Amino acid sequence: GEQDGRYVRNYGGEGVQVYVLDTGVDSGHEELKGRVGPGKDFTSANDDQDVDRHGHGTHCAGSVAGTTVGVAPLATVVSMKVLHDDGFGQMSALIHSLEYVREKWLNQSHRGPAVVSASVALQTRSPTLNTAIRELVEVGVVVVVAAGNDDDITEYYSPASEPVAITVGAIDQDNQPASFSNFGPGIDIWAPGTDILSARPGGGLVTESGTSMAAPHVAGAAALVLEVNPSWSPAKVRQELLSCAFDVSGGIKGSTGKVLSTRATSGSQSCILGTASTPAPTPAPTPAPTSASTPAPAPTSPDNPSDGDGSGGGSGATVAIVVAVVLVLLGLLALLGYFLWRRQVCKNNPSQFKWWSISSGRSSGSEPAKQPEPVGQAAAVPTAPTTGAKPAASTAAGGSRWQGFWRPEPSKKKAADAARTDGAERQLEQLEGPDWETFSEAQPRVAQAIQQAQEMLRSTTLFENGCEEPFQALRRGLRACPQNGPGCLDSVPAKADVWDFVLRVGEKRKFLSSQVDEVCQLLVQ
């Protein structure tokens, strides 16, 4: 607490079920073991909801209810696997999971409080998905969603644009907005989302960043509220979270200034999330009787110096100043030591320890409103990669592209390679001749992806509306290319155009940075 540096946990979310819609959850992890309820796999018939081969879901679940890293360490996690092992999925799976939770809630003879934590998103606004979220909230389930990592307005994306969902943006340790976090009037509350330590599949902890990491903190806080008031409506839970929140004056990133707080402050006596422990007041001393002819001088102390020339409290004030100076010097030494330590760690492990300093490149001027893509007409979502190149699975009804909000760090090499040598226009390479024909026969999927990439380099609109699909096809195809012979990585045609396309994807789709790194490494082989 602010008053004595100690924090007292009053609640742990006991009796509350938190449905984590993600890549699955490692049910045997030491942070969650014994508190993972029966879930469901909506990506296949394998019942892999208790297996997480990606890591995103387990990390989010740990932030919700981890024994040592979770906000609600007594809550029960229920895994709803809606993302494949590569972090991508279909909107139909997400909607089916929401309907499943709704039906389960309605059919329970004894309804317990429930929270849905969804760190997922479409790359467009979907009325269908927003309606499914709204119908779930209407029956009494609290739904918490991530705002998104596109440094854009939440109004353009689902489910972040649904008003009844609690939409969460990401801040850093200094209550500053994360550079990648979406923003706008659709943000309900901000929560920690940079360098978040949580569970990883197989055991242990790992640090990740993203609005995916912010939303589970709020979902855990909602579980704390529902432990005390299990019959509260989602609207009352939202109000409690906002009432207990710390309010940053002037707002954050043009959005609300509400920052998640799980402890009551002196100005918020009604908050039930937690309390800052306060030392018991020291009783005033009983004054000793004095002679009427010799009145005793008024007692003085360092905290209450006497008036006049200040001589009554001079020695105490001097001591306080000396102590303050010593503390400041110790703090500066500690800060210097920290930066020296971090510098050494960065040299040894640059991908894990790095300050966020990626610029979005957006100007301060106004932008034209984006037109959302029609639901059901977006590009098909490829399935998780398998051994042996197989055709991508077709998209089910309403298969718009969406994925988890993971934000891995880009490598230093990629950041250096991404620097443009100049801004001059250049001609795209012609895809023709015997070399192109040979490569196309050996790697038809990669060839098709290169053609689509060139089309998108010619049109900003095409790129903004659909760059992810050819990028993923290119990534999977390059992974299947042999080291030598026809269709090998060395013989990739229009390589300059491919590099340009891949680096542009990295600039515009920051949440794909780890996959961009992978493609860059393949191209330099």
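Me: Which residues form a nonpolar patch on the surface?

Reply: This is a predicted model. In it, Val 319, Val 322, Val 323, Val 326, Leu 327, Leu 330 and Leu 333 make up a nonpolar surface patch. Together they have about 640 Å² of accessible area.

Me: Where does Val 319 lie?

Reply: Look for helix α6, residues 314-348. Val 319 is in that helix.

Me: How many helices and strands does the chain have?

Reply: Count 13 helices and 16 strands.

Me: Is Val 82 buried or exposed?

Reply: Buried means under 20% relative accessible area. Val 82 has 0%, so it counts as buried. Find Val 82 in the loop between β4 (76-81) and β5 (88-90). Then look across to Asp 41. The two are 41 residues apart in sequence, yet their C-alpha atoms are 6.8 Å apart in space.

Me: What share of the chain's residues count as buried?

Reply: Of 525 residues, 47% do. The chain exposes about 25,200 Å². Carbon and sulfur atoms supply 54% of that area.

Me: What share of contacts join residues at least 24 apart?

Reply: Take the contacts between residues at least 6 apart in sequence. Of these, 74% join residues at least 24 apart.

Me: Where does pLDDT stay under 50?

Reply: Where pLDDT is low, do not read the predicted coordinates in detail. Here it stays under 50 over residues 274-315, where the model has 29 contacts beyond four places in sequence. Residues 345-425 also stay under 50, with 177 such contacts. The chain averages 75, and 70% of the residues score at least 70.

Conventions. Residues numbered from 1 in each chain as written. Predicted model: local features only at pLDDT ≥ 70, side-chain atom pairs only at ≥ 80, totals over all residues. Heavy atoms only, no water. Patch = residues over 30% accessible without salt bridge, like charges linked within 9 Å, V, L, I, M, F, W, Y side chains within 5 Å. Areas by Shrake-Rupley, 256 points an atom, 1.4 Å probe, with all protein chains shown as cover. Salt bridge = Lys/Arg side-chain N within 4 Å of Asp/Glu carboxyl O. Helix = DSSP H or I, 4+ residues; strand = E, 2+ residues; numbered from the N terminus. Buried < 20%, exposed > 50% of the residue type's maximum accessible area, 1.4 Å probe, protein only. Contact = heavy atoms within 4.5 Å. pLDDT = per-residue confidence, 0-100.
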